[in-house]
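I opened this model to keep a short record of what I looked up, one entry at a time. My plan was to begin with a charged side chain and then go on to backbone angles and empty spaces.

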Amino acid sequence: MANQSSNDWFVGMARREADFAADFGAGRHQFGEPETEAPIAVESDPHKNVVFGKFVQLSRRRQGLSRERLAERADIDLGDLIEIEEDASHIAEPRTVYQLAEYFDVPTRPLLQIAGLTVARDSDLLEEGVRFAARSGSMDVLTRDERQALEAFVAYLEARE
Amino acid sequence: MNLSSIVLLDAGGREAAAEIEWNIGEADLDQWQRDWSGRRAQGGRARSPQEHAHWDWRRSAHARAGSLSHSGVLVRCQGRVEGLMLVETAGHRCQLPDQAGQHLAYIEYLESAPWNRKVIQDPPQYRGVGSALLAAAIKLSLDEGFKGRFGLHSLPQAAAWYTHIGLTDMGPDANARSMHYFEATAEQARRFAGGLFSGGSRG
């Protein structure tokens with residue numbers, strides 16, 4: 001058994017972890033190919049990127065944020081954000097997806113799937129995403145339909161987790 | 001303090017005796033691959049590219065963990081591997097201006113078992129694994145004469161924690177998929193470790 005003072009340290013840290021930490025992972029190996037910069041996307045389903053782009057755009061507009069402001073608050077690259085919203089063939093950086101999931105308070109794993117960064121054997125998720133994208137236009141303020149579509153989609157994401 | 005016997009907290013807040021081991025054996029890697037990947041892949045999900053990277057890492061870790069420049073560390077509780085870390089003590093140098101160019105212990109990889117990660121299981125089965133591994137990294141740094149200095153690339157969901165415990169966030173690293181690089185000075189490491197290595201609490 002550890003001596004009392006080190007015992008206290010480990011217990012104290014465990015409590016701090018409980019209060020605070022979501023995770024402790026470190027190391028680029030956990031974030032794709034170990035030594036290369038090859039994109040880790042393995043599927044290029046055009047629907048997915050449309051869905052992810054729509055999701056980000058509507059979530060942003062719901063909060064009344066400009067792209068600049070969202071990039072600043074979520075601590076992501078503005079260029080990546082613009083491409084996510086505008087270019088359906090763009091593959092988002094994994095870090096950007098994590099940051100957006102955290103900022104918009106939605107589960108990370110389904111969002112990574114939607115962004116095309118992990119393999120999804122999940123046709124329900126894809127279909128739900130396409131339905132969501134189809135309901136959302138691109139006006140400045142969310143219409144009631146868009147808001148409902150976004151809320152339903154977020155609820156769906158949370159249920160996937 | 002040799003840090004062999006430590007304490008974790010289980011989901012009910014009870015203390016659980018655990019060990020830090022300074023070597024990752026083949027059997028541990030087998031167990032890790034079996035238990036951890038089974039857990040990740042539950043629900044019939046296909047393996048993600050990240051998991052494939054884990055298998056690659058496993059192979060390279062086994063080759064490197066026993067080398068002079070790398071140390072494999074694991075946390076074991078009741079026979080089961082609860083966390084893994086690979087620390088490199090030769091190839092990296094400090095980046096913080098105050099200590100730029102000096103040696104440090106670079107945490108090449110750190111992971112708690114899936115059931116100990118709040119993002120996957122809440123409440124986690126054991127808490128304290130991440131901190132125990134960091135303490136081990138500081139010990140390796142001290143043993144090498146690096147005064148506790150260490151660095152790591154944080155997963156996005158872990159970055160707030162590393163800030164919270166006093167590491168310096170040096171921002172996104174373009175060479176590491178924009179993961180944020182964190183570094184600890186000797187003083188920051190000492191503050192984090194409290195009295196763990198000094199024999200008395202000064203912090």
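**Entry on D80(A).** Working in a predicted model, I looked up D80(A) and found that it is buried and yet has no salt bridge. I then asked which side chain of opposite charge is nearest to D80(A), and I noted that it is R95(A), at 7.7 Å. Since a salt bridge needs the nitrogen and the carboxyl oxygen within 4 Å, I did not enter this pair as one, for D80(A) has no salt bridge. What I could enter for D80(A) is a polar contact of 2.6 Å, which joins its side chain to that of T96(A). For its place in the fold, I wrote down that D80(A) is found in helix α4 of chain A, which covers residues 78-86.

**Entry on positive phi angles.** I next looked up D75(A), which is not a glycine but has a positive phi of about 55 degrees. I found D75(A) in the loop between α3 (67-74) and α4 of chain A, and I recorded it as partly exposed because its relative accessible area is 37%.

In chain B I looked up Q78(B), also not a glycine, and noted a positive phi of about 50 degrees. This residue is found in the loop between β3 (70-77) and β4 (80-88) of chain B. Is Q78(B) buried or exposed? I entered Q78(B) as exposed, because its relative accessibility is 73%.

**Entry on the second largest pocket.** I then turned to the second largest pocket, for which I noted a volume of about 210 Å³. Its lining has 15 residues, and the closest to its centre are D75(A), Q99(A), E102(A), P156(B) and A159(B), so that D75(A) came up in my notes again. The elements that give two or more residues to this lining are α3 and α5 (94-104) of chain A, together with α4 (159-164) and β9 (180-184) of chain B. I marked α5(A) as the element that gives the most, with four residues. Sorting the lining of this pocket by character, I wrote down six nonpolar, four polar and five charged residues.

**Entry on the cavities.** Last, I asked how many cavities of 30 Å³ or more the structure holds, and I entered three. The second largest cavity has about 50 Å³ of space, and its lining includes E17(A), F24(A), K118(B) and R127(B). I sorted that lining into five nonpolar residues, one polar and three charged.

Definitions and conventions
Residues are numbered from 1 along each chain as its sequence is written. Chains are lettered from A and ligands numbered from 1 in the order in which they are written. This is a predicted model: local features need pLDDT of at least 70, side-chain atom pairs count only at pLDDT 80 or more; totals for chains, interfaces and linings use all residues. Side-chain values use heavy atoms; hydrogens and water are left out. On a 1 Å grid over the protein atoms alone, a cavity is a set of points where a 1.4 Å probe fits but cannot get out, and a pocket is an open set with protein on both sides within 12 Å along at least five of seven lines; lining residues have an atom within 4 Å of a point. Grid points are joined across faces, edges and corners, and a volume is the space filled by probe spheres set on the points. Ala, Val, Leu, Ile, Met, Phe, Trp, Tyr, Cys and Pro count as nonpolar, Asp, Glu, Lys and Arg as charged, and the others, Gly among them, as polar. Buried means under 20% relative accessible area, exposed over 50%, partly exposed in between (1.4 Å probe, protein chains only). Lys and Arg count as positive and Asp and Glu as negative; His and the chain ends are not counted. A polar contact is a pair of N or O atoms within 3.5 Å; within protein, one must be able to donate a hydrogen and the other to accept it, and residues adjacent in sequence count only if both atoms are side-chain atoms.
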